[in-house]
2 protein chains.
Amino acid sequence: MPWDLNSGNPVFVQIIEHLQDDIVLGIYKPGDKLPSVRDLATDAGVNPNTMQRALSTLESTGLVHSERTSGRFITEDNEMIIELKKSLVKVQVEQFINGMEKYGFTGNEILELVKQYVKK
Amino acid sequence: MPWDLNSGNPVFVQIIEHLQDDIVLGIYKPGDKLPSVRDLATDAGVNPNTMQRALSTLESTGLVHSERTSGRFITEDNEMIIELKKSLVKVQVEQFINGMEKYGFTGNEILELVKQYVKK
DNA sequence: ATTATTGTATTAAGTGATTAGTACAGTAAT
DNA sequence: ATTACTGTACTAATCACTTAATACAATAAT
């Protein structure tokens with residue numbers, strides 16, 4: 001049985017995740033105009049091509065859209081953003097629990113662990 | 001401020017993680033002989049060179065060691081394995097909680113979320 | 001009108017990871 | 001002794017990602 005070897009994280013993917021987080025966290029709000037590709041690239045410390053790739057890929061999800069020459073904007077669909085957050089949280093929690101169960105921890109043991117680490 | 005863009009996961013790194021998990025889970029026990037580089041490569045579905053790279057890298061941690069021509073073996077130091085497991089668990093829990101807190105969840109909310117997902 | 005800014009497109013080069021193929025020397029099994 | 005297996009070494013080719021540099025057309029700002 002082949003192992004699972006599909007967690008490569010290229011920079012442009014990490015950029016997408018970063019932008020998704022910013023949107024979900026409300027740093028960018030529905031309808032907001034994003035900084036230009038070039039400015040974002042400078043902020044992130046990456047090549048404009050890489051930022052362009054991240055943005056145009058992110059675009060295919062509908063979360064952002066570009067107005068050819070006036071800029072790029074966050075979706076006005078607040079429900080989409082809320083759903084994205086739910087989805088991101090769900091994935092993160094499930095991955096965590098799966099990982100812990102793989103190590104042999106029971107549900108209660110996982111809860112105890114989280115309790116311990118939360119109190120710091 | 002530059003973004004944090006350092007989570008690339010090449011295959012040989014994922015192999016290391018996979019092997020660490022197998023050791024921590026007791027699939028390989030202290031002193032056990034590992035399958036040959038070529039067999040492991042076939043198992044994993046990767047090139048022998050890639051497996052060799054993963055193994056020789058893992059070697060530098062002391063978790064495994066090679067006897068030139070007779071094979072490669074898991075450390076007999078059981079304490080090292082226990083410590084590795086603790087460390088892996090700690091990293092996973094902390095990363096999870098940090099991620100959740102970034103999304104604005106409080107300690108109690110995180111616990112509630114875990115509780116929900118654990119019961120499935 | 002002129003200028004700056006926008007997203008987008010294109011070509012080229014460089015880098016790291018991976019695969020492929022081959023080879024060598026030492027040990028184990030027979 | 002012979003054979004098979006072991007880790008290891010080496011070169012070459014390929015691929016995806018990234019960077020670099022440049023260019024174009026449409027809009028915004030002046």
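The legends below describe close-up views of a predicted model in which protein chains A and B meet DNA strands C and D.

**View 1. The two protein copies are related by a two-fold axis.** A turn of 180° with a shift of 0.0 Å along the axis lays chain B on chain A, and the RMSD is 0.1 Å. That is the relation of a two-fold axis. The same surface serves both copies, since 98% of the contact residues of chain B recur in chain A.

**View 2. Residues from both chains surround DNA strand C.** The surroundings of DNA strand C comprise 20 residues. The closest are Arg68 and Arg72 of chain A, with Val11, Asn49 and Thr69 of chain B. By type, the residues of this surface divide into five nonpolar, 10 polar and five charged. Among the atoms of DNA strand C within 4 Å of the protein, sugar or phosphate accounts for 64%, and bases for the rest.

**View 3. Polar contacts of chain A reach phosphate, base and sugar or linking oxygens of DNA strand C.** At Val37(A), a backbone N or O atom lies 3.1 Å from a phosphate oxygen of the strand. Arg38(A) places a polar side-chain atom 3.0 Å from a base oxygen of DNA strand C. At Arg68(A), a polar backbone atom is 2.5 Å from a sugar or linking oxygen of DNA strand C. Two or more residues of the surface near this strand come from each of helix 2 (37–44), helix 3 (48–59) and strand 2 (71–74) of chain A, and from each of helix 1 (11–24) and helix 3 (48–59) of chain B. Helix 3 of chain B gives the largest share, three residues.

**View 4. Residues from both chains surround DNA strand D.** Around DNA strand D there are 20 residues, of which Val11(A), Thr50(A), Thr69(A), Arg68(B) and Arg72(B) are the closest. The surface near DNA strand D consists of five nonpolar, 10 polar and five charged residues. Of the atoms of DNA strand D within 4 Å of the protein, 65% are in sugar or phosphate, while the rest are in bases.

**View 5. Polar contacts of chain A reach phosphate and sugar or linking oxygens of DNA strand D.** A polar backbone atom of Phe12(A) is 3.4 Å from a phosphate oxygen of DNA strand D. In the side chain of Arg53(A), an N or O atom is 3.0 Å from a phosphate oxygen of DNA strand D. Thr69(A) has a side-chain N or O atom 2.6 Å from a sugar or linking oxygen of the strand. The elements that give two or more residues to the surface near DNA strand D are, in chain A, helix 1 (11–24) and helix 3 and, in chain B, helix 2 (37–44), helix 3 and strand 2 (71–74). The largest share, three residues, belongs to helix 3 of chain A.

**View 6. Two domains of chain A bury area between them.** Chain A is divided into domain 1, residues 11–76, and domain 2, residues 79–117. Taken over C-alpha atoms, the domain centres are separated by 27 Å. Domain 1 of chain A brings 10 residues to the contact, and domain 2 of chain A brings five residues. The area buried between the domains is about 620 Å², with 84% of it on carbon and sulfur atoms. On the domain 1 side, Gln20(A), Val24(A) and Leu63(A) lose the most area to domain 2, together 61% of what that side buries.

Technical notes:
Residues numbered from 1 in each chain as written. Chains lettered and ligands numbered in written order. Predicted model: local features only at pLDDT ≥ 70, side-chain atom pairs only at ≥ 80, totals over all residues. Heavy atoms only, no water. Near = heavy atom within 4 Å. Polar contact = N/O pair within 3.5 Å; in protein donor to acceptor, adjacent residues only side chain to side chain. Helix = DSSP H or I, 4+ residues; strand = E, 2+ residues; numbered from the N terminus. Nonpolar A, V, L, I, M, F, W, Y, C, P; charged D, E, K, R; others polar. Least-squares fit on C-alpha atoms with pLDDT ≥ 70 in both. Contact = heavy atoms within 4.5 Å. Domains from an automatic or database assignment. Buried area = accessible area lost by both parts, 1.4 Å probe.
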